[in-house]
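Here are some notes to read with the model open beside you. Please take the points in order and find each residue as it comes up.

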Amino acid sequence: MKKRISYFIIIGSSRGLGNALVEELLRNESNQVFGIARTRFEEINNYEKWRNSKRYRHIQTDITSASSSETMKSICLEFPGEPIQIVFNAAVVESDVINNSTIDYDILDKVNNVGIDGFRNVLKAFEGYLQNYGGVFVGISSFSAFLPPAFDPRIAYPSSKAYLDMGLRCLRSMWDSKHIRVVTVHLGHIGENQTGLLSRSYTRTAEKLVKLLSGKKIPSEINYPRLYTLVYKYSLTPVPDFLYLKLFRMLHKLGIK
């Protein structure tokens with residue numbers, strides 16, 4: 001019996017979590033992965049391994065450009081009318097506040113272009129296919145959407161993440177059907193070499209997400225690490241800003257980050 005092929009599109013596949021997701025997905029020979037990034041394929045660390053798998057295709061485009069929608073939409077011609085999974089993992093994490101007071105508007109625009117315009121262009125590219133054939137749309141968000149960053153002041157990043165959070169909620173309401181699933185992923189601290197109780201590496205996070213997204217019943221919201229993110233979301237979000245800042249500055253002085 002021929003194995004059924006699953007199709008995944010990873011936005012932001014060149015580095016970080018997106019790269020780790022591609023690695024994890026390619027472990028399963030039934031997965032066909034399409035990666036979208038501004039980076040040239042040959043500049044990605046794992047490109048030879050991915051190329052040799054013959055199950056990865058790289059699409060080099062800037063999702064902030066208007067023309068990217070047509071470039072991404074052209075991928076749909078390669079799908080045989082089967083459901084697809086799209087993971088919107090696109091964010092620029094740069095501080096757009098200098099000396100805690102001055103805004104660098106070039107960086108602010110850069111961050112918002114990826115988080116807001118990029119989201120819009122991805123939706124425009126794949127909306128029609130999802131409505132016709134079904135699938136899963138996954139958005140990687142963060143809790144910067146709920147609280148202002150205390151130690152690395154930023155404006156655009158939490159703003160664009162709040163936009164993504166609300167956008168996914170609206171999509172879930174609009175596409176509330178059996179053949180389109182909208183998933184919001186809230187993550188704790190992740191990074192290349194992150195370890196410990198509250199932090200997770202890109203590799204470990206990718207393993208967890210792929211397992212959940214490959215299951216028979218895909219949740220509408222993924223919180224990982226679960227206890228940490230749920231406490232963060234439901235306990236800290238109602239805290240007034242001035243108390244939040246005092247608390248975290250106190251913890252920072254004690255060396256707890």
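1. Before the pocket is described, a word on classes: Ala, Val, Leu, Ile, Met, Phe, Trp, Tyr, Cys and Pro count as nonpolar, Asp, Glu, Lys and Arg as charged, and the others, Gly among them, as polar. Please also keep in mind that this is a predicted model.

2. The second largest pocket has a volume of about 510 Å³, and of the 23 residues lining this pocket, Gln85, Leu213, Ser214, Gly215 and Ile218 are the closest to its centre. Sorted by class, its lining comprises 10 nonpolar, eight polar and five charged residues.

3. Strand E1 (6–11), helix H1 (16–25), strand E4 (84–88), strand E7 (135–142) and H6 each give two or more residues to the lining of the second largest pocket, and E1, with three residues, gives the most.

4. Helix H6, which covers residues 202–213, has 12 residues and reaches 16 Å from its first C-alpha to its last, close to the 16 Å expected at 1.5 Å a residue. Which residues of H6 are buried? They are Thr205, Ala206, Leu209, Val210 and Leu213, and because these buried residues fall within an arc of 130° when seen down the axis of H6, they line one face of the helix. In general, an α-helix has 3.6 residues a turn, so residues three or four places apart point the same way.

5. Thr184 lies in strand E8, residues 180–187, and counts as buried because its relative accessibility is 3%, where buried means under 20%. Leaving aside its neighbours within four places in sequence, Thr184 is in contact with Gly139, Ser141, Asp165, Leu168, Arg172, Ser220, Glu221 and Ile222.

Definitions and conventions. Residues numbered from 1 in each chain as written. Predicted model: local features only at pLDDT ≥ 70, side-chain atom pairs only at ≥ 80, totals over all residues. Heavy atoms only, no water. Helix = DSSP H or I, 4+ residues; strand = E, 2+ residues; numbered from the N terminus. Expected span 1.5 Å × (residues − 1). Buried < 20%, exposed > 50% of the residue type's maximum accessible area, 1.4 Å probe, protein only. Arc of directions from axis to C-beta. 1 Å grid on protein atoms, 1.4 Å probe; cavity = no way out; pocket = protein on both sides within 12 Å on 5 of 7 lines; lining within 4 Å. Points joined across faces, edges and corners; volume = space filled by probe spheres on them. Contact = heavy atoms within 4.5 Å.
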